[in-house]
Amino acid sequence: MDVAGVNEILEKFQGVKGNLIGILHEVQNRYSYLPEEELRYISKRTQIPITQIYSIVNFYNRFSLEPKGKNVISVCLGTACHVKGAGKVMDALREKLNIDIGESTDDMNFSLEEVRCIGACSLAPAVVVNEETYGQVKPKQVSTILKQHESSENG
């Protein structure tokens with residue numbers, strides 16, 4: 001466990017009311033997920049019950065208890081995106097990356113997830129890679145999108 005790293009994060013939020021979500025975001029940014037040991041340490045240091053921490057982690061879909069790739073690809077499968085072909089885009093991503101939804105590539109460069117709505121219905125079907133939104137995506141565009149992020153230092 002990286003006690004020094006977690007302590008550094010905790011110090012940033014000392015005295016900040018309602019700081020748990022901020023702490024969790026920082027921890028996830030550092031490790032690309034929320035490791036159990038670090039969460040238990042945070043629980044002890046902040047005196048927030050571990051059950052409360054897990055409750056928050058499981059409520060927000062941006063938090064992950066599993067390691068994620070450097071580039072997280074979220075395919076919107078909400079109604080508008082689904083109707084406009086998001087399923088075919090998802091299939092193309094699964095084929096190109098050789099992974100399924102919820103998995104990461106062996107090199108940890110990409111993770112693939114489905115989301116129900118990103119609030120960009122006019123761009124349907126929409127795909128988000130990290131913080132970048134791609135609209136009106138067609139399956140044939142998947143290779144181009146992946147190439148833009150293959151050697152990306154984001155994440």
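These are worked exercises on the predicted model shown above.

**Exercise 1. The overall layout**

Task: Find how many helices and strands the chain has, and in what pattern they follow each other along the sequence.

Solution:
- Step 1. Start with the count: the secondary structure comes to seven helices and four strands.
- Step 2. Then walk along the sequence, where the elements appear in the pattern α-α-α-α-β-α-α-β-β-β-α.
- Step 3. For the dimensions, take the principal axes: the C-alpha atoms fill a box of roughly 50 × 30 × 20 Å.
- Step 4. Next comes burial, and here buried residues make up 44% of the 155 residues in the chain.
- Step 5. Finally, take the contacts in the chain with a separation of 6 or more: residues 24 or more positions apart account for 60% of them.

**Exercise 2. Two helices, H1 and H3**

Task: Work out how the axes of H1 and H3 are placed, and which residues meet where these helices touch.

Solution:
- Step 1. Locate the helices: H1 covers residues 3–12 and H3 covers residues 36–46.
- Step 2. Look at the axes, which come within 11 Å and cross at roughly 45°.
- Step 3. Classify the angle. An angle between 35 and 65 degrees counts as oblique, so H1 is oblique to H3.
- Step 4. Add the hand: the crossing of H1 and H3 is right-handed.
- Step 5. List the partners. From H1 come Val3, Val6, Asn7 and Leu10, and they meet Glu38, Tyr41, Ile42, Arg45 and Thr46 of H3.
- Step 6. Sort these by class, and the contact has five nonpolar, two polar and two charged residues.
- Step 7. Now check burial within H1: Gly5, Val6, Asn7, Ile9 and Leu10 are its buried residues. They pack against H3 and also against helix H2 (20–31).

**Exercise 3. A second helix pair, H6 and H7**

Task: Describe the packing of H6 and H7 in the same way, from the angle to the residues.

Solution:
- Step 1. Find helix H6 at residues 86–97 and helix H7 at residues 142–149.
- Step 2. Read the geometry: the axes are 10 Å apart and the packing angle is about 55°.
- Step 3. From that angle, H6 and H7 are therefore oblique to each other. Their crossing is right-handed.
- Step 4. Pick out the contacts: Val142, Ser143 and Leu146 in H7 are met by Val89, Ala92, Leu93, Lys96 and Leu97 in H6.
- Step 5. Class by class, that gives six nonpolar, one polar and one charged residues.

**Exercise 4. The surroundings of Ser111**

Task: Decide whether Ser111 is buried or exposed, and find what surrounds Ser111.

Solution:
- Step 1. Place the residue: Ser111 sits in strand S2, residues 110–115.
- Step 2. Compare the accessible area with the cut-off. Ser111 has a relative accessible area of 5%, and buried means under 20%, so Ser111 is buried.
- Step 3. Collect the neighbours, leaving out residues up to four places away in sequence: Ser111 touches Lys68, Gly69, Asn71, Val72, Ile73, Ile99, Glu103 and Ser104.
- Step 4. Look more closely at Gly69: its backbone nitrogen lies 2.5 Å from a polar atom of the Ser111 side chain.

**Exercise 5. Unusual backbone geometry**

Task: Identify which residues other than glycine have a positive phi, using Asn98 and Asn130, and find where a cis peptide bond lies.

Solution:
- Step 1. Recall the background: most residues other than glycine have a negative phi, and most peptide bonds are trans.
- Step 2. Take Asn98, whose phi is positive at about 60°. Asn98 lies in the loop between H6 and S2 and is exposed, with a relative accessible area of 68%.
- Step 3. Take Asn130, whose phi is also positive, near 60°. Asn130 belongs to the loop between S3 and strand S4 (132–134), and it is buried, at a relative accessible area of 15%.
- Step 4. For the peptide bond, go to Ala124 and Pro125, which are joined in cis with omega about -10°. Pro125 is in the loop between S2 and strand S3 (127–129).

**Exercise 6. Sequence and space**

Task: Find how far apart Cys121 and Ile23 are, in sequence and in space.

Solution:
- Step 1. Locate Cys121 in the loop between S2 and S3.
- Step 2. Judge its exposure: with a relative accessible area of 46%, Cys121 is partly exposed.
- Step 3. Give both separations: Cys121 and Ile23 are 98 residues apart in sequence and 31 Å apart in space, C-alpha to C-alpha.

Terms used. Residues numbered from 1 in each chain as written. Predicted model: local features only at pLDDT ≥ 70, side-chain atom pairs only at ≥ 80, totals over all residues. Heavy atoms only, no water. Buried < 20%, exposed > 50% of the residue type's maximum accessible area, 1.4 Å probe, protein only. Polar contact = N/O pair within 3.5 Å; in protein donor to acceptor, adjacent residues only side chain to side chain. Contact = heavy atoms within 4.5 Å. Axes fitted to C-alpha atoms, helices over the stretch in contact; angles between N-to-C directions. Parallel < 35°, antiparallel > 145°, perpendicular 65-115°, else oblique. Left-handed = near helix turned anticlockwise from the far one by under 90°. Nonpolar A, V, L, I, M, F, W, Y, C, P; charged D, E, K, R; others polar.
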